[in-house]
Amino acid sequence: MFTAPSILDSPIEYLKGVGPLRGDMLRKDLNIHSFRDLLEHYPLRHIDKTNISLIASITPETDFVQVNARLLHCEILGEKRTRRLVAQVKDSSGTLELTWFQGINWVEKMLREGDYYLVYGKAGFFNGKPQMSHPEIEAVKEAKADGKPFLEPIYSTTEKLKARGLNARQIGKLTYALISQLSEKDIPEILPANIIKKMQLISRFQAFRQIHFPASIQEYNEALRRLKFEELFIAQVRLNIVRIHRNHHSHGNVFTKVGDLFNTFYNNYLPFELTGAQKRVLREIRQDTLHGHQMNRLLQGDVGSGKTIVALLSMLLAADNGFQSCLMAPTEILAQQHYNGLTELLKDLPITIALLTGSTKAKQRKEVLQQLAEGSLNMVVGTHAIIEDTVQFSNLGLAIVDEQHRFGVAQRAKLWSKAAIPPHVLVMTATPIPRTLAMTAYGDLDYSVIDELPPGRKPITTVHRNEMHRANVMGFIRSEIDKGRQAYIIYPLIEESEKLSYEDLMQGYEQVKSYFPEPKFRISMVHGRQPAEQKEINMQRFVEGNTHIMVSTTVIEVGVNVPNASVMVIESAEKFGLSQLHQLRGRVGRGGEQSFCILLTGSKTGNDARERIKTMCSTNDGFKIAERDLELRGPGDIEGTRQSGALNLKLASLVDDRQLVAEARLLAEGLIDGDEQLELPQNAPLKTFLNLHKGKTVWSKIS
Ligand code: ADP
Ligand code: MG
């Protein structure tokens with residue numbers, strides 16, 4: 001289909017009032033290249049021109065305000081770095097000082113003593129007097145606005161652009177001129193009519209007009225909602241297309257049968273009955289691997305929900321069908337532990353399994369590589385040493401990645417190149433991400449969740465204690481040890497200095513030793529400075545119950561499984577993030593005994609830290625904690641969701657617009673499931689739009 005070029009694709013300098021010089025600057029400073037880019041340069045906020053405050057009414061609590069005042073005096077003060085333009089304006093109630101540090105000459109040129117100005121900004125206070133720096137300022141004829149309600153858009157801009165006559169308001173004038181030239185056909189509808197109706201959205205054309213120049217707050221909100229929805233919907237449609245394409249058109253190994261290995265293990269060696277959620281996930285994996293398409297599945301399950309056994313059973317399924325499989329963990333300790341656990345569980349089955357990590361000795365490594373390449377090894381467990389180029393498989397059929405957030409998208413992609421037909425991929429994570437967010441950020445993956453803990457688990461009791469309670473806390477640990485239990489004591493990694501962390505830990509270790517003297521008590525210690533072998537030995541002693549206490553930095557954060565441990569003490573708990581605290585706490589409560597988590601802090605903690613600790617004490621639910629974490633930190637910080645940048649959102653926020661995210665996701669999924677190729681007539685405009693805006697960023701960032 002031929003599509004005529006749109007006026008919106010015109011280079012920005014062709015817009016009246018721009019020209020080559022300003023055009024150049026708009027490109028460089030604001031990344032505005034075309035008419036369309038200007039249209040999508042959304043206002044930061046609007047000023048209600050009818051809403052004029054008196055200077056005397058401004059207090060330190062006042063947000064942005066607008067005053068209408070006369071310029072009394074202005075002058076340039078200071079030299080070089082302190083050079084600034086200072087002006088006094090006055091209305092009937094008082095005076096206000098205005099200051100500019102940049103664009104001084106340009107502002108000074110436009111100011112005339114005695115004239116009236118509309119001044120807009122946020123005031124600070126100095127010696128009890130209000131001041132504004134870099135306010136928006138515009139000359140007006142009278143000490144009065146012109147009557148009818150009018151919301152004026154304010155845009156982000158730069159000092160350089162301001163000096164060229166493109167301040168926050170003037171960009172609005174350009175935008176106004178542009179929009180006046182446009183008609184409905186220039187901004188045609190792209191969403192299917194039924195979705196517009198269902199979501200009660202205003203038209204695309206209307207939305208662009210109203211987001212810049214609304215006649216009321218309500219009009220603005222309508223426009224915002226429509227454009228946010230569109231953004232989220234388009235992103236979701238794209239992700240779904242990737243997902244469908246992969247599920248239907250990618251080659252994948254077929255696991256035709258559930259064979260002897262799986263059945264023998266399931267019937268004779270499974271140490272417990274699977275939970276309903278574990279069974280469901282296994283069925284999903286079974287389905288995925290049956291159809292000749294590559295599986296790409298994200299498995300989320302809170303700490304302790306039993307993901308490992310699902311991994312093991314899936315690996316047996318691969319082996320039953322003659323395929324090799326690998327299990328990758330983020331740390332050597334965890335890889336070692338998985339290796340030990342799997343070896344133990346599989347010891348009576350005809351399965352060959354090896355460990356491969358960065359510290360595997362050269363000779364051993366050579367052997368493992370050879371066996372993998374010739375196909376005599378069924379399974380390999382390891383760290384990202386597994387995805388190095390030198391590691392070749394004979395027929396890798398399934399790759400499992402544990403605690404995915406430590407593995408980047410690029411690394412995942414590397415796995416696929418390990419075999420002619422890409423292996424099925426199962427990504428497991430306990431990093432609690434709210435479901436809708438996970439499905440948005442990883443929209444190209446299929447999603448499973450284990451939302452049920454194994455039976456008999458008692459909720460962990462979490463308490464907050466400070467330094468003054470130390471002796472008590474130690475006494476409590478002793479009473480648990482007397483009952484045959486074990487305890488963790490965790491120290492934070494101090495970011496600025498490995499040396500400080502180390503000293504902290506050593507000091508702590510000495511202190512713990514004084515409370516728990518040898519030989520009655522035995523203590524393991526694990527930290528980042530130890531060679532892998534040493535870590536492993538110390539860890540192993542704790543796992544086997546030969547030591548009572550594990551003193552450690554956060555190296556044990558993920559995955560470690562010692563069901564007999566019933567106390568987790570976190571030192572300087574205020575230094576940890578919420579999801580980290582939750583991960584650490586998840587190391588206990590893995591057996592049938594009542595477990596405890598004690599958060600130790602100094603006597604003074606900041607507000608955010610107090611909130612985190614309060615949250616930890618009030619819930620064990622990883623998903624609730626994730627929600628709270630999002631509220632406290634925003635999504636950008638959450639590990640594993642940084643890729644959400646791939647969604648390229650300008651207006652919508654995955655956190656604040658959760659409701660809209662969920663609705664967009666459902667509708668996008670439904671649309672693609674019903675019309676994979678977008679062939680239905682009602683989806684034609686959407687298809688045209690997607691083809692025109694291939695969204696390089698989206699396609700390249702998503703593996
Ligand atoms: P995670 O999901 O955090 O990786 P694990 O796989 O390490 O959890 O399992 C946590 C503990 O729960 C382990 O000791 C495991 O043996 C046990 N477990 C797993 N599934 C079940 C089950 N269905 N019934 C009883 N215990 C289980
Ligand atoms: Mg695990």
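This is a short talk on the ligand site and the cavities of one structure.

Okay, so keep in mind that we're looking at a predicted model here. Let's start with ligand 1. There are 17 residues around it, and the ones that come nearest are Glu273, Gly304, Lys307, Thr308 and Arg457. If you sort that shell by class, you get five nonpolar, seven polar and five charged residues.

Where does the ligand sit relative to the domains? Well, domain 2, that's 306-429, and domain 3, 461-619, both give residues to the shell, so ligand 1 lies between them.

Now the polar atoms. On the backbone side, an N or O atom of Gly304 is 2.6 Å from an oxygen atom of the ligand. Gly306 also brings in a polar backbone atom, 3.1 Å from a ligand oxygen. Then there's Gln278, which uses its side chain: a polar atom there lies 2.9 Å from a nitrogen atom of ligand 1. And how much of the ligand does the protein bury? Taken alone, ligand 1 exposes 560 Å², and 86% of that gets buried by the protein.

Okay, on to the cavities. Searching the whole structure turns up four of 30 Å³ or more. The largest has a volume of about 110 Å³. It's lined by 13 residues, and closest to the centre are Trp100, Trp106, Val107, Pro135 and Lys162. As for elements, α3 (104-110), β8 (136-140) and α4 (159-163) each give two or more residues to that lining, with α3 giving the largest share, three residues. By class, the lining of this largest cavity has six nonpolar, four polar and three charged residues.

Notes. Residues numbered from 1 in each chain as written. Chains lettered and ligands numbered in written order. Predicted model: local features only at pLDDT ≥ 70, side-chain atom pairs only at ≥ 80, totals over all residues. Heavy atoms only, no water. Near = heavy atom within 4 Å. Polar contact = N/O pair within 3.5 Å; in protein donor to acceptor, adjacent residues only side chain to side chain. Areas by Shrake-Rupley, 256 points an atom, 1.4 Å probe, with all protein chains shown as cover. Nonpolar A, V, L, I, M, F, W, Y, C, P; charged D, E, K, R; others polar. Domains from an automatic or database assignment. 1 Å grid on protein atoms, 1.4 Å probe; cavity = no way out; pocket = protein on both sides within 12 Å on 5 of 7 lines; lining within 4 Å. Points joined across faces, edges and corners; volume = space filled by probe spheres on them. Helix = DSSP H or I, 4+ residues; strand = E, 2+ residues; numbered from the N terminus.
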